[in-house]
Amino acid sequence: MEKETKRELPEAFVEKMKKLLGSDAESFFKSYDAERKFGLRVNPLKQKSGEMPEEGEPLGDYLKGLARVPWAEEGFYYEADMRPGRHPFHEAGAYYIQEPSAMSVAEALSPKPGEQILDLCAAPGGKSTHLAGKMGGHGLLVCNEIHPARAKILSQNIERLGVENAVVTNMDPFRLAPEFPEFFDGIVVDAPCSGEGMFRKDENARNEWSPDHVKQCAGLQDGILDCAAAMLKGGGRIVYSTCTFSPEENEQSIARFLERHPEFSVVQPELAKYFSAGHPEWADGNEELKKTVRIWPHLADGEGHFLALLVKGERSWDAVERTENNSKKGGGKNGRAKEDAALTEAVAAFRAFEKENLKDMEHLENGKKFLMFGENLYLVPEVMPGLMGLKVLRPGLHLGSAKKDRFEPSHALALALKKSDVRQSVEVGSEDLALRYLRGETLRAEDLEEPNIPAKGWVLVTTGGMSLGFAKAAGGMLKNHYPKGLRIQGG
């Protein structure tokens, strides 16, 4: 069987899958000779009123003719030669390039605006930004990643997609859990796994696989799930997911969890109708495991995936009290006085900037509070507990920083704004012109399709009506304020 497959698979994996799948094994292995499916997910935070783009609108026309991902409201399939990662719409955060099966996870959790949601193993940010789009900027989204380099990429993707209600942390789950006792309404645990579902697209996953690695991952997953259980409110839900086929990391992982946590039950998500059921016979025989979801590459247009929707029982009032105590953490009296003075000064500078450059920003500030983090001003969801004890990369929406005589807005603020939020904007409609802006070039009136550069002041640069970044108008030119570290190199 393995000799008929173009992609070399580990011998022990092949034998294991033959035993698990029996007569279905042949179809399963043949899927490795097929080209994988490519997917992107539209970001509703960048669309008018959070609606999907229509034909006649720039993004709608760009996506015209693409097949939809059945289980993901904003998901589309695309062909490899389309290369959407190179289009300016990508830098505008119009969409996130995401493997189609992975879109099932946030759909299964189905967060609501105003909820408190945690993505516990969040990098690089596909599931976090999907959750954020469903929350519409309301409530709290904590995006955590244990590895510092990956946490930085996660933070960058949160910024690119204009997410305004997310706090990005870089914590070990075992250290994060005590800070949020029974706090969250919903938690995604996209657990570190042996990656068998990625063998078709990732050679490294194939090379690193071993039976011992499967066992190590299963043990790690148990601990991470226990941390998630401790942070979940009564009545809350966890979506546990992996991109592997191993029962040790899937059905058996859920069976072990239910044994340790009898207050949880398995609920079949609505999207289960698109996929296959879990296999109780691969675990302890608990028929509840049929409510888990298996995504097989030979049966669905996506890579291998597993997910389970778990719901918790009652919440303890002791946990409520401990969460409230955590939220009151702060520095000493003298430290707080200095922080308060700096915050007052920064907010005043922002208010002056807002009056001159922005329109009614009540929707941006609703449910949030101002916070100084270093020398920078942020908007943070009000329900977020104090930051002491947490390693935080991004404590909310970065507004900018107060300088000696002015407020310097951030790129994150630009990406969170819509054209209707600002007093001055300029559209760089053509792909060529948008790329010139992304390379850091100064733009002149004669460069624009609509040469209406304001006389002076901050200008939001848009493409397809979606924000790309800021520029400063002066002398009939737009001085480019696209961050140097993000600029596109070459032609």
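**Notebook: strands, cysteines and aromatic pairs**

I began with Ile187 and found that its bridge partner in S8 is Ile238. The model is a predicted one, and I kept that in mind for every entry below.

**Entry 1, around S8.** I looked up which strands pair with S8. Strand S7 (residues 184-190) pairs with S8 in the parallel sense, over 6 bridges. Strand S12 (residues 305-312) is joined to S8 by 6 bridges and runs antiparallel to it. For a residue on that second side I took Arg237, which stands opposite Val311 in S12. I then checked how covered strand S8 (residues 232-242) is: 9 of its 11 residues are buried, so the strand is largely enclosed by the rest of the structure.

**Entry 2, the open sheet.** Next I traced a sheet of 3 strands. It is open, has the order S2-S1-S3, and its pairing is antiparallel. I noted the edge strands as strand S2 (75-78) and strand S3 (95-97), each of which pairs on one side only. The twist from one strand to the next averages 30°.

I then went through the bridges of S1. Strand S1 (residues 38-42) is joined to S2 by 4 bridges. Two of the partners I wrote down are in S2: Gly75 for Arg41 and Tyr77 for Gly39. Towards S3 I found 3 bridges from S1, again antiparallel. On that side, Val42 has Tyr95 in S3 as its bridge partner. Is S1 mostly covered or mostly open? I found 4 of its 5 residues buried, so to the question I entered "mostly covered".

**Entry 3, cysteines.** I searched the whole structure for disulfides and the result was 0. Cys193 is in no disulfide, and the nearest cysteine sulfur, that of Cys243, is 3.5 Å away. The cut-off is a sulfur pair within 2.5 Å, so a separation of 3.5 Å does not qualify. Cys217 is in no disulfide either; for this residue the nearest cysteine sulfur is that of Cys193, 6.4 Å away. I also looked up burial. Cys193 is buried at a relative accessible area of 15%, and Cys217 counts as buried at 6%.

**Entry 4, aromatic pairs.** How many aromatic pairs are there? I got a count of 28 aromatic pairs. I took one of them, Phe28 with Phe245: the ring centres are 5.1 Å apart and the planes are at 85°, so I logged the pair as edge-to-face. Phe28 lies in helix H2 (residues 25-30) and Phe245 in the loop between S8 and helix H11 (251-260), so the pair ties together parts 217 residues apart in sequence. Phe28 is buried, with a relative accessible area of 0%, and Phe245 counts as buried at 1%.

I then looked at Tyr62 and Tyr95. Their ring centres are 6.2 Å apart and their planes are at 10°, so this pair is stacked. Tyr62 lies in helix H3 (residues 58-62) and Tyr95 in strand S3, so the pair ties together parts 33 residues apart in sequence. Tyr95, which I had already met as the bridge partner of Val42, counts as buried at 0% relative accessibility.

**Entry 5, the cluster.** Last, I checked where Phe28 and Phe245 sit among the other rings. Both belong to one aromatic cluster, whose other members are Phe13, Phe29, Tyr32, Phe199, Trp209, Trp282 and Trp296.

Terms used
Residues are numbered from 1 along each chain as its sequence is written. This is a predicted model: local features need pLDDT of at least 70, side-chain atom pairs count only at pLDDT 80 or more; totals for chains, interfaces and linings use all residues. Side-chain values use heavy atoms; hydrogens and water are left out. Two strands pair if DSSP finds at least two bridges between them. Axes are lines fitted to C-alpha atoms, for helices over the stretch in contact, and angles run from 0 to 180 degrees between N-to-C directions. Buried means under 20% relative accessible area, exposed over 50%, partly exposed in between (1.4 Å probe, protein chains only). Rings of Phe, Tyr and Trp (its six-membered ring) pair if their centres lie within 6.5 Å; planes under 30 degrees apart count as stacked, over 60 as edge-to-face and the rest as tilted.
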